[in-house]
Structures are given as C-alpha cells and as structure tokens.
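The following exercises concern a predicted model. Each task is followed by a solution in steps.

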Amino acid sequence: MPLGPEDAEELSDLAYPLLREVYSYVPDDLLDEFLEQEQSPEGIRRQMAEGIVYEWITADGARAGYLAYGMDGDTMHLGKLYLFEGYRGRGIGSEVIDRVVVIARSSGARRIVLEVNERNAGAISLYSRKGFRESGKAGLMRIVMTRVLADGRSLTRLGPDVLLP
C-alpha cells in the first residue's frame, strides 16, 4: 500500500539505520549527505510530490524494509528495495520483485529499470534470477539492470535486436 506524505517522518526514521547497515562501507560524511538530501522527511516528501511511490515491506508482522518506484513513460524505475539484514535470504525480496512486476504491468510499463551497486552480489543475483539483465553503467560502481515486459511475459535480450521469451 503506497505511503503518503504524512508517513515521511516514520519512513525516514526507518531509512536512516537501514541504509547505514546496507552502506556500511560508505564514508559517514558521504552517507550523511545522501540521507539528508534523499531520505530526510523533506527529501521523501519532495520525491513523493514528483511521483515516486514508497511502500513498506513487511514480514513476520514487522517492517522489514521499504521500496520506492516511479513511472517515466512506459518505464518503471525501481529506485529502492531495502531489507534489514535479518530479512535477507528468505525469499522476501523475490516476492517484492513479483509485486513490482504486477504494479509495472498494471501501470502500462514495458520495462523495469534499476541501479545496483556492483559490489552488492546478493542483490545482483536476485535481480538476475527475476529476469533483470545488465544494461549499462551509471556512475561510479553502479550497474543498470533492466527487465523487459511485453504481453505479460519477460523477454531476454540476446543481442541488440533480438528478444526471446
């Protein structure tokens, strides 16, 4: 269920410790700057006003993490999918991706695009298993991955002009 601007404080309170856990290798000053710009209540509200949808990820009756996505034409951008460590490796991320695919299709998306840190082997493995393929680079240490959706099926790109179900 999408969160509203009134949920920004609570989301920010969860995001700060979660992202400190996920990005423990990032220097504190850089992470602090990112958190303040993007995951402060004001940053979250700004993104919501720009059309980004945030949702809780729950498991075992608790908040296990959160996700954020938005549409740009016929492309869904999955901007965030974060789980606390104790919830990783339990199939929750896979279920979330399945839900995102349903939302993307119902929104008319023809593809889902995301960025992932090239050092995040677990996330890259999950996205690959769910039909995402590396489709480029985005800045320092970021891989772009894309899942193409068409006629309710996922397609695999074999070459520049060849797609197979």
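**Exercise 1. Determine how strand β6 is paired and whether strand β6 is enclosed or open.**

Step 1. Strand β4 (residues 111–117) pairs with β6 in the antiparallel sense, over 7 bridges. Within this pairing, Val116 stands opposite Ile143 of β6.

Step 2. Strand β5 (residues 133–137) also runs antiparallel to β6, and the two are joined over 4 bridges. Here Lys137 has Ile143 as its bridge partner in β6. Ile143 thereby faces Val116 and Lys137.

Step 3. The connection between β5 and β6 is a hairpin with 4 residues between the strands, and Gly139 in the turn has a positive phi of about 70 degrees.

Step 4. The burial cut-off is a relative accessible area under 20%. In strand β6 (residues 142–150), 8 of the 9 residues are buried, so β6 is largely enclosed by the rest of the structure.

**Exercise 2. Describe the hairpin that contains β1, and state how many residues of strand β1 are buried.**

Step 1. β1 and strand β2 (residues 62–72) form an antiparallel pair over 7 bridges. Ile57 stands opposite Gly65 in β2.

Step 2. Between β1 and β2 lie 2 residues, which makes the unit a hairpin; Asp60 in the turn has a positive phi of about 55 degrees.

Step 3. Of the 7 residues of strand β1 (residues 53–59), 5 are buried, so the strand is largely enclosed by the rest of the structure.

**Exercise 3. Characterise the environment of Glu55: is the residue buried or exposed, and which polar partners does its side chain have?**

Step 1. Glu55 belongs to strand β1.

Step 2. The relative accessibility of Glu55 is 2%, so the residue counts as buried.

Step 3. The side chain of Glu55 makes a polar contact of 2.8 Å with the side chain of Arg99. In addition, a polar atom of the Glu55 side chain lies 3.4 Å from the backbone nitrogen of Met1.

Step 4. Not counting residues up to four places away in sequence, Glu55 touches Met1, Pro2, Leu3, Tyr66, Leu67, Tyr69, Arg99 and Ile103. Both polar partners, Met1 and Arg99, thus appear in this list.

**Exercise 4. Carry out the corresponding analysis for Thr75.**

Step 1. Thr75 is placed in strand β3.

Step 2. With a relative accessibility of 10%, Thr75 counts as buried.

Step 3. The side chains of Thr75 and Asp74 are joined by a polar contact of 3.5 Å.

Step 4. Leaving aside neighbours within four places in sequence, Thr75 is in contact with Gly70, Arg111 and Val113.

**Exercise 5. Analyse the aromatic pairs of Tyr23 and the arginine side chains that lie over aromatic rings.**

Step 1. The structure holds 5 aromatic pairs. One of them joins Tyr23 and Tyr25 edge-to-face, at 6.2 Å centre to centre and with 70 degrees between the planes.

Step 2. Tyr23 and Tyr82 form another edge-to-face pair, with 6.0 Å between the centres and 80 degrees between the planes. Tyr23 lies in the loop between α1 (8–22) and α2 (28–39), while Tyr82 lies in strand β3 (residues 75–83), so this pair ties together parts that are 59 residues apart in sequence.

Step 3. Tyr23 and Tyr82 are both buried; for Tyr23 the relative accessibility is 13%. Tyr25 is partly exposed, at 36%.

Step 4. Tyr23, Tyr25, Tyr54, Tyr66 and Tyr82 form one aromatic cluster.

Step 5. Arg119 lies over the face of Tyr25, at 4.3 Å from the ring centre. Arg63 lies over the face of Trp56, at 3.9 Å from the ring centre.

**Exercise 6. Identify where the pLDDT of the model calls for caution.**

Step 1. The protein chain has an average pLDDT of 90, and 91% of the residues score at least 70.

Step 2. Among the elements, helix α3 (residues 41–49) has the highest mean pLDDT, 97, and strand β8 (residues 162–164) the lowest, 47.

Step 3. The pLDDT is below 50 over residues 157–165; beyond near neighbours in sequence, this stretch has 12 contacts in the model.

Step 4. Where pLDDT is low, predicted coordinates should not be read in detail.

How values were computed:
Residues numbered from 1 in each chain as written. Heavy atoms only, no water. pLDDT = per-residue confidence, 0-100. Contact = heavy atoms within 4.5 Å. Phe/Tyr/Trp six-rings, centres within 6.5 Å; stacked < 30°, edge-to-face > 60°. Buried < 20%, exposed > 50% of the residue type's maximum accessible area, 1.4 Å probe, protein only. Lys NZ or Arg CZ within 6 Å of the ring centre and 35° of its normal. Pairing = 2+ DSSP bridges. Polar contact = N/O pair within 3.5 Å; in protein donor to acceptor, adjacent residues only side chain to side chain.
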